[in-house]
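Subject: Structure handover

Hi,

Here is the structure I promised to pass on to you. Please have it open while you read, as my notes follow directly below.

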Amino acid sequence: MSQKRIVVSFLLFWTMAAGCLAQIYASPYSRYGYGDLQSFTVGKAVSMGGLAYGMRDGSTITPANPASSTAIGQKTFMMDLGVSGMVDCFTTSDAYSSQFIGNIDYVAFQFPLAKFAAVSFGVLPYSTVGYDYSASAQYPSYAASDSTITATQSFSGSGGFTEVYLGFSFDIFDRVAVGVQGKYMFGRINRQRDVSFPGESVYYSSTSQTATMNVSSFLCDFGLQYHQPIGNDELVVGAAYSLALPLNIWSTTTTVTTTTKTESSNDGFDYPHTVGAGFTYRIGQRWLFGADYQWQDFADARYAGRTDSLLTRHKIAAGVEYVHDATSKKYIEAMRFRLGMNYANSYAKVNAHSYSEWAITAGVGFPMLSSRSTINLHLEYGHRGSIAGTGLLEQYFKFGVSVSLAETWFVKRKFN
């Protein structure tokens, strides 16, 4: 591995880390909890519904299960980076709006340490926050019992939390791999709420409240995979566990009315117990399909010192990939076609109720000529909430591109 390539890779890593921290996002649902939780998946797995725990493939990186890294070739260095754009559409009972946003999504690296060990590291968003909306309503007036006033509430927020991870994987038996992964979560969430009374300045004062959450915490994951050949096929079963740990979150709230009041606290926040399990089954060299289940115990995790603010989250995912002949000289026969889906309930409450969110994914992997690298195209349609339930239906259309680079970096040249 050349020193120049190592330096370039680490510079790219920290550049992308800053990019993930500065993600642009827009959804009123991200007002609650830690915002909109992001999937800890990269590369082709994104197009397969976000499969993670049973993915064991030398052509992709799987941060969600640190045991998967030993699938990499012995002289291979891998890098995966992705960008995306999204058209987000919002519908209420009497209004409709849409907007376009784009982001740097992630960067991840992976390489072998020995014949039985490998390492992976990268940066991915944990949650994203972005919203800006207002609503007006009529309320009884204090000035006269038979009159009403109009109050306008405005809500805005931005930011999110990012995770930098470093994971190690080891083959402990011929068919069993284990992994451990350390993560550092950092970032900031800004929220603002304004209440104004147009035309009622004599009796009512406008109020502005700004709240920030800053996180700086270390977390830990464990992974396990068992892979078993069955004739020309292969079954992989995997699981991962994230420790429930206190989050070092410092929150500050500033309220401005006729006076200004600032309060700072560290009331107690927890990273939830997270358990995931899944499998993949490869049929020959053409078909790969799998399914995942994830459980996140937000209901027992503290949020601002309380354990009744959030809900236990359940998520399922399934996906399939087809390639006619990965070694064919006909380009279309070497392309990989993918489909997937996922479904989850929300971990945060809106109007004291949970809501559902689901997505359908599709993608194509375009092999680079004379290389093991791939360019992946990802398409996704997502659905969140409902007009009848939460009062807001969100639908989004997402398209992304990722580059999965696989190079031979560990061979010494014999000739110049």
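What follows covers the salt bridges and then a nonpolar patch on the surface.

Please keep in mind that this is a predicted model.

**Salt bridges**

The structure holds 15 salt bridges. A good place to begin is the pair Lys44 and Glu321, whose closest N and O atoms are 3.3 Å apart. Lys44 lies in the loop between strand S1 (36-37) and S2, while Glu321 belongs to strand S15 (residues 313-323), so this pair ties together parts that are 277 residues apart in sequence. Both Lys44 and Glu321 are buried. For Glu321 the relative accessibility is 1%, and buried means under 20%, which is why Glu321 counts as such.

Glu321 has another partner as well: its side chain meets that of Arg336 in a salt bridge, at 3.4 Å from N to O. Here the link runs from strand S16 (residues 336-345), which holds Arg336, to strand S15 with Glu321, and the two residues are 15 apart. Arg336 is partly exposed, with a relative accessible area of 22%, whereas Glu321 is buried.

These pairs belong to a wider arrangement. A network of salt bridges links Lys44, Asp57, Arg282, Glu321, Arg336 and Arg338.

Another salt bridge to look at joins the side chains of Asp221 and Lys183, at 3.0 Å from N to O. Asp221 sits in strand S7 (residues 207-230) and Lys183 in strand S6 (residues 176-196), so the contact ties together parts that are 38 residues apart in sequence. How accessible is Asp221, and is it buried or exposed? Asp221 has a relative accessible area of 5% and is buried. Lys183, at 4% relative accessibility, counts as buried too.

**The nonpolar patch**

Now to the surface. Which residues make the nonpolar patch of about 810 Å²? The patch is made by Val83, Val87, Phe100, Ile104, Ile375, Leu377, Leu379, Phe397, Phe399 and Val401. At least two of its residues come from each of strand S2 (76-91), strand S3 (96-114), strand S18 (374-384) and strand S19 (393-408).

Val83 is one of the patch residues, and it lies in strand S2. Its relative accessibility is 41%, so Val83 counts as partly exposed.

If you would like to go through any of this together, just write back.

Best wishes

Conventions. Residues numbered from 1 in each chain as written. Predicted model: local features only at pLDDT ≥ 70, side-chain atom pairs only at ≥ 80, totals over all residues. Heavy atoms only, no water. Patch = residues over 30% accessible without salt bridge, like charges linked within 9 Å, V, L, I, M, F, W, Y side chains within 5 Å. Areas by Shrake-Rupley, 256 points an atom, 1.4 Å probe, with all protein chains shown as cover. Salt bridge = Lys/Arg side-chain N within 4 Å of Asp/Glu carboxyl O. Helix = DSSP H or I, 4+ residues; strand = E, 2+ residues; numbered from the N terminus. Buried < 20%, exposed > 50% of the residue type's maximum accessible area, 1.4 Å probe, protein only.
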